[in-house]
Amino acid sequence: MYRPVRVPARKKSCLEPWVIGLITFISLIVLAVCIGLIVHYVRYNTRKPYNYYSTLSFTSDKYYHEFDKEATTNFTEMSQRIESMVKNAFYQSSLRREFIKSQVIKFSPQDPGVVAHMLMIFRFPSTQSPESIKKTIQRVLQEKLQHATGPPKVDPSSVELTNINKTETDNYLNNCCGTRMSASSRIVGGQEVHEEGAWPWQATLQYNGVHRCGATLINATWLVSAAHCFRNYKDPARWTASFGIRIYPSKEKRKFKRIIVHENYKYPSHDNDIAVVQLSSPVPYTNAVHRVCLPDASDKIKPGTPAYVTGFGALKNDGRSVNILQQVQVDIIDSKTCNEPQAYNNAITSGMICAGFLQGGKDACQGDSGGPLVSSNSRDIWYLYGIVSWGDECAEPNKPGVYTRVTAFRDWIEAKTGV
């Protein structure tokens with residue numbers, strides 16, 4: 001007879017009430033400690049920006065008038081020296097982590113010497129008081145600048161700081177030429193631009209409301225573009241300029257007051273392909289719209305230097321213009337290479353500059369004419385080196401883009417616009 005195995009029933013085990021209470025108590029303590037640590041971390045490690053307008057007096061072997069004009073070579077060199085001194089002062093101090101950047105925005109005369117006007121940006125834990133932060137910054141600058149080696153010879157005791165908010169900081173920066181947001185693009189092989197202010201000097205020129213060319217803002221009332229854009233379209237009353245990363249809707253729009261085409265431009269030649277346009281009224285500078293810097297006539301950009309070309313032109317040869325601004329990085333190509341028989345066979349003159357890649361693939365195209373070719377210096381300030389002019393089709397091998405060389409026409413631009 002089959003006899004099933006009899007399995008004894010398990011005895012239920014229950015925790016004693018005091019054990020449950022102890023576990024709960026310990027869990028609550030652990031949770032409280034974790035929350036406290038998180039709050040402490042967030043409180044003491046959350047950093048907020050602190051912006052300052054500062055002045056610093058110095059003497060130099062150069063006279064003030066040699067670097068009083070913004071964006072010139074002398075201005076840039078003196079700015080770099082002052083900014084390096086300030087950067088080194090903080091990097092050699094307890095504020096190395098807090099210091100973000102300094103930027104000279106102008107110089108002013110002082111008897112004796114010169115005053116550098118700067119913006120300085122820091123990030124400090126939100127728990128620190130603004131008063132103590134300002135005192136610490138001033139103390140560090142005064143102490144460290146005593147050991148700075150010139151030229152120029154700075155006066156550490158002259159340091160003055162004024163707290164400014166983000167809006168004030170932006171206003172100062174927007175009134176400087178060549179500043180732009182650190183953005184993430186006719187342009188073949190490029191990218192769309194998604195951030196307003198990525199290329200704030202870019203303009204689109206529209207004839208009877210239709211985009212025809214690009215242009216570059218060089219001050220509140222003047223644009224630089226290509227002469228060939230106006231060959232058959234000379235009436236200023238039918239032109240408008242708009243700004244922003246989209247043609248429609250635009251951030252700003254202005255009518256033309258007058259068009260000045262270089263007097264030696266003669267179609268079908270590509271020489272002297274430059275024009276300036278005066279707007280009907282000044283454009284207010286904002287994060288999204290402000291001017292580029294113009295290089296000195298003596299400035300030389302080296303072959304191989306990376307540059308950017310931007311525009312609303314076609315994405316391929318004989319294509320249509322686009323509504324969203326495009327950008328592409330290209331390299332400066334020396335004229336000797338560009339004049340090789342397989343390239344442009346000696347068609348590149350002293351008033352032109354080539355940029356792109358000999359293998360092709362990235363280039364400006366129809367509808368980008370008149371737009372900017374820009375490159376930045378070590379201070380992250382952007383300069384206009386070229387104006388989209390011509391090329392054989394778009395992005396073809398051995399046929400890079402050809403641009404009007406801005407330095408060759410720097411004196412002409414100043415004579416016509418005062419810029």
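How many helices and how many strands are there in the protein chain? In this predicted model, the protein chain holds six helices and 18 strands. The radius of gyration of the protein chain is 30 Å, whereas the globule rule gives 22 Å for 419 residues, so the chain is more spread out than a compact globule. Taken along the principal axes, the box filled by the C-alpha atoms is roughly 110 × 85 × 40 Å.

From the overall outline we can turn to the surface and the interior. Of the 419 residues in the protein chain, 47% are buried, and the chain exposes about 21,600 Å², of which carbon and sulfur atoms supply 53%. The chain also carries 49 positive and 37 negative charges, and the mean positions of these two groups lie 10 Å apart.

The next topic is the cysteines. Counting a disulfide as a pair of cysteine sulfur atoms within 2.5 Å, the model has four disulfides. When the bonded cysteines are counted along the chain, the disulfides follow the pattern 1-4, 2-3, 5-6, 7-8.

One of these disulfides is formed by C213 and C229, whose sulfur atoms are 2.1 Å apart. Because C213 lies in strand β8 and C229 in the loop between β9 and β10, this pair ties together parts that are 16 residues apart in sequence. The link of C213 and C229 is left-handed, with -100 degrees about the S-S bond, and both cysteines are buried.

Another disulfide joins C338 to C354, with 2.0 Å from S to S. Here C338 belongs to helix α5 and C354 to strand β15, so the pair ties together parts that are 16 residues apart in sequence. The torsion about the S-S bond of C338 and C354 is about -90 degrees, and therefore this disulfide is left-handed. C338 is buried, with a relative accessible area of 1%, and C354 is buried as well, at 0% relative accessibility.

A further disulfide is the one between C365 and C394, where the sulfur atoms are 2.0 Å apart. C365 lies in the loop between β15 and β16, and C394 in the loop between β17 and β18, so this pair ties together parts that are 29 residues apart in sequence. The torsion about the S-S bond of C365 and C394 is about 85 degrees, which means that the disulfide is right-handed. Both C365 and C394 are buried.

Why does C176 not form a bond with the closest cysteine sulfur? That closest sulfur, in C177, is 7.3 Å from the sulfur of C176, which is too far for a bond. C176 nevertheless counts as buried, at 6% relative accessibility.

Notes
Residues numbered from 1 in each chain as written. Predicted model: local features only at pLDDT ≥ 70, side-chain atom pairs only at ≥ 80, totals over all residues. Heavy atoms only, no water. Helix = DSSP H or I, 4+ residues; strand = E, 2+ residues; numbered from the N terminus. Rg over C-alpha atoms; globule rule 2.2 N^0.38 Å. Buried < 20%, exposed > 50% of the residue type's maximum accessible area, 1.4 Å probe, protein only. Areas by Shrake-Rupley, 256 points an atom, 1.4 Å probe, with all protein chains shown as cover. Lys, Arg positive; Asp, Glu negative; His and termini not counted. Charge placed at Lys NZ, Arg CZ, Asp CG, Glu CD.
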